[in-house]
Amino acid sequence: MTKLFIALSSFLLLSGCAGNWGWYVVDPSTPNGMTNLKFMATGAYYTILMSLTAIIISVVVGLLIALPGLSAKPGVRAINRVYVEVVRAVPILVLILWVYYGLPTLTGITLNVFWAGVLALALSDSAFQAEIFRAGIQSISRGQYEAAQSISLNYRDTMRYVILPQAIRRILPALGNQLVYMLKMSSLVSVIGMQELTRRANELVVTEYRPLEIYTILVLEYLVLILIVSAGVRWLERRMQAAES
Amino acid sequence: MSLGTDSPIIKISEVSKFFGEFQALKSVSLDVGSGERVVVCGPSGSGKSTLIRCINRLEKHEQGEIIVDGVTLSDARESLEKIRANVGMVFQQFNLFPHLSVIDNLTLGPKRVYGLSEKEAKARAMEYLERVRIPDQADKFPRHLSGGQQQRVAIARSLCMEPRILLFDEPTSALDPEMITEVLEVMTELAGSGMTMIVVTHEMGFARKVADRMVFMDQGEIVEIAKPEKFFTTPDSQRSRDFLQKILNH
Ligand SMILES: Nc1ncnc2c1ncn2[C@@H]1O[C@H](COP(=O)(O)OP(=O)(O)OP(=O)(O)O)[C@@H](O)[C@H]1O
Ligand SMILES: [Mg+2]
């Protein structure tokens, strides 16, 4: 993975020497290039912070929405279906615009860019999380519920100590995917002015007129970020397996 | 039809259970005395599992009444939790919690239901692991144990709740032959300790040795209740005879 990254970047650097490229805008050996690089890279802070905050909220909301979806009562299940279908139908960008520009008029509460972005991302993702949790919980055999009941555990304890720990292990790869997806979708929050990776790249392009180099760096930033996250998720999966042997 | 006992700890009166249109239990009545060992047998699909699963309300009966240790089964949560803490169940497929070590499988119930501390729960768990003769496996995970060991852990998990009644649903049917004995030995020992037991099993050797009464079911009905000496030699009904013939010549 790192090798690929080095190969890719050295290829780009070398071809940059050939002509069309103007790497000076992001050349760390020049003061201006260094400033630009720092400006771009520090956007990662908001990309990560926003994505992590959003995924934590969406996991919690997703779980709360998944639970009624498991009910035997059709009326209760309908809550889950309506939520999932409606939220899933709205494009994330539209949701971001609606939360940021629309919601204040509706509720009188103005959210700053960060929280508007987090809320929109979390809302959108929660529908997918709900489906992931529902599938994960449904994959646990009936015998597990019955064993829990036979030792008199109530619903809450059954979920907390028996069903969810097993379900979460099974859905961990899917949750990892969602986090990657979230990191990518957070780029959309740039449209309302959030100073994350994409917004900063855009602003730099406006002042430096070197979209090729700057967006290439942006691509690499996302690539690195997501490779790290993927490796982290795999590490977590391995650790959970190791804990059981 | 029911055979009376003096102090029934379980009273099942005219219980019927439906799965949609299909009637799995047809007005079944049975009293089980405190400390009694009842073995339930009968052909596949006769309602044996359904009957014992009604006793701890894993299945809800539609008609009739079940009273366990003085508490009438209903949807009331309080009575349900009381009954389930008092009635343990051992399943054919063990149903251990695969993500928990053996010791954690055993301590979960006592900690959550009785509020025991980690230390108390562990002490109790070790005591019962010794009873089922696998104290050395405490820190392993279920999937690293043999089937026979897993089933003994499942029995210990039930015992940790210190129930007055234990239900067994074909506890040895999923086991390789060489492991059946170790589980039956543990069950025989339990029977000697005064535990009230209802055991669904095809292990007729065990039934002969341990059962106070045999219950024979067919097509959702209790066809015959008899002492094992009588049931295995001169059963009253033709259906019992046919069943015994099949199972004993098998
Ligand atoms: N959840 C269910 N839904 C529909 N029918 C069921 C359900 N559970 C059991 N039955 C039916 O009820 C009848 C009795 O089932 P039960 O499991 O009690 O039989 P059993 O005597 O335990 O049989 P076996 O020896 O095969 O375990 C069977 O015909 C079965 O198909
Ligand atoms: Mg059965």
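Helix pairs whose angles fall outside the bands under 35 degrees, over 145 degrees and 65 to 115 degrees count as oblique. That rule is handy for the helix packing in this predicted model, where chain A comes to 10 helices and zero strands. Read from start to end, chain A is simply α-α-α-α-α-α-α-α-α-α. The C-alpha trace of chain A spans about 75 × 55 × 25 Å along its principal axes.

Start with the packing of helices in chain A. Two packed helices are described by the angle between their axes and the distance between the axes. Helix α3 (residues 43–69) of chain A packs against helix α8 (residues 155–185) of chain A at about 140°, and the axes are 11 Å apart. The pair α3(A) and α8(A) is therefore oblique, and the crossing of α3(A) and α8(A) is right-handed. On the α3(A) side, the contact uses A:T47, A:I48, A:S51, A:L52, A:A54, A:I55, A:S58, A:L63 and A:L67. From α8(A) come A:Y155, A:M159, A:L164, A:Q178, A:L179, A:M182 and A:L183. Sorted by class, the contact of α3(A) with α8(A) holds 12 nonpolar, four polar and no charged residues.

The next pair is α4(A) with α6(A). Helix α4 (residues 74–89) of chain A meets helix α6 (residues 113–138) of chain A at about 135°, with 8 Å between the axes. That angle makes α4(A) oblique to α6(A), and here the crossing is left-handed. In α4(A), the residues involved are A:N80, A:R81, A:Y83, A:V84, A:V87 and A:R88. Across from them, α6(A) offers A:L123, A:S124, A:S126, A:A127, A:F128, A:A130, A:E131 and A:R134. Charge does turn up in the contact of α4(A) with α6(A), with four charged residues next to seven nonpolar and three polar ones.

A third pair joins helix α2 (residues 31–41) of chain A to α10(A), at an angle of about 45° and with axes 11 Å apart. By that angle, α2(A) is oblique to α10(A), and the crossing of α2(A) and α10(A) is right-handed. A:L37, A:M40 and A:A41 of α2(A) touch A:I214, A:I217, A:L218 and A:E221 of α10(A). The contact of α2(A) with α10(A) comes to six nonpolar, no polar and one charged residues.

Now for the empty space. Rolling a probe the size of a water molecule over the atoms shows where empty space is left. The largest pocket holds about 1100 Å³. Of its 29 lining residues, A:A72, A:Y145, A:Q149, A:Y155 and B:R84 are the closest to the centre. Two or more lining residues each come from α6, α7 (142–150) and α8 of chain A, and from α2 (77–86) of chain B. The lining of the largest pocket is split into 12 nonpolar, six polar and 11 charged residues.

The second largest pocket has a volume of about 320 Å³. It has 16 lining residues, and the closest to its centre are A:L172, A:L175, A:G176, A:L179 and A:L236. Helices α3, α8 and α10 (211–242) of chain A each give at least two residues to the lining of the second largest pocket. The largest share of that lining, six residues, belongs to α8(A). By class, the lining of the second largest pocket has 14 nonpolar, two polar and no charged residues. A:L179 also figures in the contact between α3(A) and α8(A).

As for closed space, the count is one cavity of 30 Å³ or more, and the largest cavity has a volume of about 40 Å³. The residues around the largest cavity are B:R131, B:V132, B:L159, B:V186, B:E189 and B:L190. Helix α6 (residues 177–192) of chain B supplies the largest share of this lining, three residues. Four of the lining residues of the largest cavity are nonpolar, none is polar and two are charged.

One last stop is A:P165, which sits in helix α8 of chain A. Beyond its neighbours within four places in sequence, A:P165 contacts A:M159, A:R160 and B:H99. A:P165 and A:L225 are 60 residues apart along the chain, and 28 Å separates their C-alpha atoms.

Technical notes:
Residues numbered from 1 in each chain as written. Chains lettered and ligands numbered in written order. Predicted model: local features only at pLDDT ≥ 70, side-chain atom pairs only at ≥ 80, totals over all residues. Heavy atoms only, no water. 1 Å grid on protein atoms, 1.4 Å probe; cavity = no way out; pocket = protein on both sides within 12 Å on 5 of 7 lines; lining within 4 Å. Points joined across faces, edges and corners; volume = space filled by probe spheres on them. Helix = DSSP H or I, 4+ residues; strand = E, 2+ residues; numbered from the N terminus. Nonpolar A, V, L, I, M, F, W, Y, C, P; charged D, E, K, R; others polar. Axes fitted to C-alpha atoms, helices over the stretch in contact; angles between N-to-C directions. Left-handed = near helix turned anticlockwise from the far one by under 90°. Contact = heavy atoms within 4.5 Å.
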